[in-house]
Amino acid sequence: MPVPDIPVLAEEDSMLSRKFGREIANYFSGSPLNRLSFLRTDHGFLKSAFSHPSAAFLLLNNLCPLVQKDPSHLAFATNADVVPLTGPDPFGKSEEDMIKDYNSEETHPVILFLGVDEKNLLPSKVAAADAFQYKTYRGSPYFAVDITPRGNYAEAANKLITGMNERGLSWQDNSPRHQGLHWGQAAMYGQARALLDWNARNPFCAQCGQPTLSVNAGTKRACPPTDIAGGQVRDRKPCATRGTISNLSFPRTDPTVIMAVVSADGTKILLGRQKRWPKYWYSTLAGFQEPGESIEEAVRREVWEESGVQLGRVVLHSSQPWPFPASLMIGAVGQALPGDGEKVYLGNDAELEDARWFAFDEVKEALQNGTSSLGEATPEGWKEGALRLPPQTAIANRLMTAVIEGWCIPENLPPKI
């Protein structure tokens, strides 16, 4: 699979950049859209954006995105394509009326507002005079629609899927092993996948167990107080989410720490492998952050639990959205304490099959000739028995690259001001 370009942020001369260097962007970040999140409850805005000629729709079937014949680029449907499934005016009612008219016997596809392409960077390019405009916001609106056949709209969804297939378009595997999308569109897909998956996983209220309704343009689940199923309004049992307990109504993001661990003398990197991984394939250590724990503490705890190595200083490097299903990978670089602090011991947590120190030169060679996604064939230039590593679309790769290129060496840092 061709390796897509990674996000590159524009250079800028600022106090922070002069001190800490250029900001790092990772795969699944760098969306070209302005999310305009504060307009998700404005159904006048959503109604106009949905029906505008420049509106584009990313379709996901079982979380697999629709792609062009060149699978590195997403394919987008038009309003005319999706209306038989969504209806012509899915945002015609206000959010309050949607909740008031809730009918548990009806099912509707989740429609997610992704944002507006203000810079005309994406396929739905239009002349400036024809661009969508709402108040001071101008550009092409983008939505995502979950067209997985379900309930009373299954037939319409199947017709839409068949129609897209007949155009020669296809559905990309949504496995994290397949990361071939152009980076800006990968960010759009990541946003859509995480939110549509969250909606699909949460059809019932986590507080009271009753069915919920997708609102806020796909970014909130409401627990309605009434139900008009059967043509008669009936009260549903009380639920705390209708009062002050709102955190259950919004999508969750799971913070996960991932770290490049450097030896005390700054010449080696600690890498580990799980038993299910291909032979010779290693990566940086990682683990979920626990409640009541700082990022730095989580890095030290996870490294010690998985490898027995004890860390001193921990520095944050960059982060990566990881929509499988909803993690935020928080990348860090940590340095081992000298002496016993560097001893590898796998007896605490049985997660890793192996963990060992690799010299910088060996890691550098693997970054050049031995990277591939899990499940992919060995890359060209790789020699049997040599170290294998994740591709540059993985933050693990970017952390190792940063260390090898001297990111954490004081003399290689930008001068103080």
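Visitor: Which residues does Gln320 touch, not counting residues up to four places away in sequence?

Guide: Let's start with the general idea: a contact here is a pair of heavy atoms within 4.5 Å. In this predicted model, Gln320 touches Asn26, Tyr27 and Phe28, then Ser327, Leu328 and Met329, and also Thr393, Ala394 and Ile395. Gln320 itself lies in strand S14, residues 311–322.

Visitor: Is Gln320 buried or exposed?

Guide: Buried means under 20% relative accessible area. Gln320 has 1% relative accessibility, so it counts as buried. You can also look at distance along the chain and in space: Gln320 and Gly331 are 11 residues apart along the chain, and their C-alpha atoms are separated by 7.7 Å.

Visitor: What is the peptide bond from Phe324 to Pro325, cis or trans?

Guide: The angle to read is omega. For Phe324 to Pro325, omega is near 5°, and the bond is cis. Pro325 is found in the loop between S14 and strand S15, which covers 327–336.

Visitor: Which annotation covers residues 251–380?

Guide: According to the UniProt record, an unreviewed entry, these residues carry the annotation "domain: Nudix hydrolase". In the model, the chain over residues 251–380 is 18% helix and 36% strand. The C-alpha atoms at the two ends of that stretch are 41 Å apart.

Visitor: Let's turn to a helix. Which residues of helix H3 are buried?

Guide: H3 spans residues 79–86, and its buried residues are Asn79, Asp81, Val82, Leu85 and Thr86. To see how they are arranged, look down the helix axis: the buried residues of H3 fall within an arc of 150°, so they line one face of the helix. The face turned away from the buried side carries the exposed residues Ala80 and Pro84.

Visitor: What do the buried residues of H3 pack against?

Guide: They pack against two helices and three strands: helix H2 (43–51) and helix H5 (154–166), along with strands S1 (56–61), S3 (111–117) and S5 (137–146).

Visitor: Where is His73 found?

Guide: His73 sits in the loop between strand S2 (64–67) and H3. With a relative accessible area of 27%, His73 is partly exposed. Leaving aside neighbours within four places in sequence, His73 is in contact with Val67, Gln68, Leu181, His182 and Gln185. For a separation, take Ser214: His73 and Ser214 are 141 residues apart in sequence and 28 Å apart in space, C-alpha to C-alpha.

Visitor: Now for backbone angles. What phi does Gly87 take just after H3?

Guide: Gly87 takes a positive phi of about 85°. Residues other than glycine can be checked for the sign of phi too. Asn62 has a positive phi of about 55° although it is not a glycine, and it is found in the loop between S1 and S2. Ala217 is another such residue, with phi near 55°.

Visitor: Where is Ala217 found, and is Ala217 buried or exposed?

Guide: Ala217 is found in the loop between strand S7 (213–215) and strand S8 (220–222). Its relative accessible area is 3%, so Ala217 is buried.

Visitor: To finish, which residues form a nonpolar patch on the surface?

Guide: The patch is formed by Met15, Leu16 and Phe20, with about 360 Å² of accessible area together. Met15 is placed in helix H1, residues 15–20. The cut-off for exposed is over 50%; at 54% relative accessibility, Met15 therefore counts as exposed.

Definitions and conventions. Residues are numbered from 1 along each chain as its sequence is written. This is a predicted model: local features need pLDDT of at least 70, side-chain atom pairs count only at pLDDT 80 or more; totals for chains, interfaces and linings use all residues. Side-chain values use heavy atoms; hydrogens and water are left out. UniProt positions are given in the numbering used here, feature names are shortened, and annotations may be inferred rather than shown by experiment. Helices (H or I, at least four residues) and strands (E, at least two) are DSSP runs, numbered from the N terminus. Patches are made of residues with over 30% relative accessible area and no salt bridge: like charges are joined within 9 Å, nonpolar side chains (Val, Leu, Ile, Met, Phe, Trp, Tyr) within 5 Å. Accessible areas come from the Shrake-Rupley method with a 1.4 Å probe; for residues, only the protein chains shown count as cover. A salt bridge is a side-chain nitrogen of Lys or Arg within 4 Å of a carboxyl oxygen of Asp or Glu. Buried means under 20% relative accessible area, exposed over 50%, partly exposed in between (1.4 Å probe, protein chains only). The arc is that of the directions from the helix axis to the C-beta atoms.
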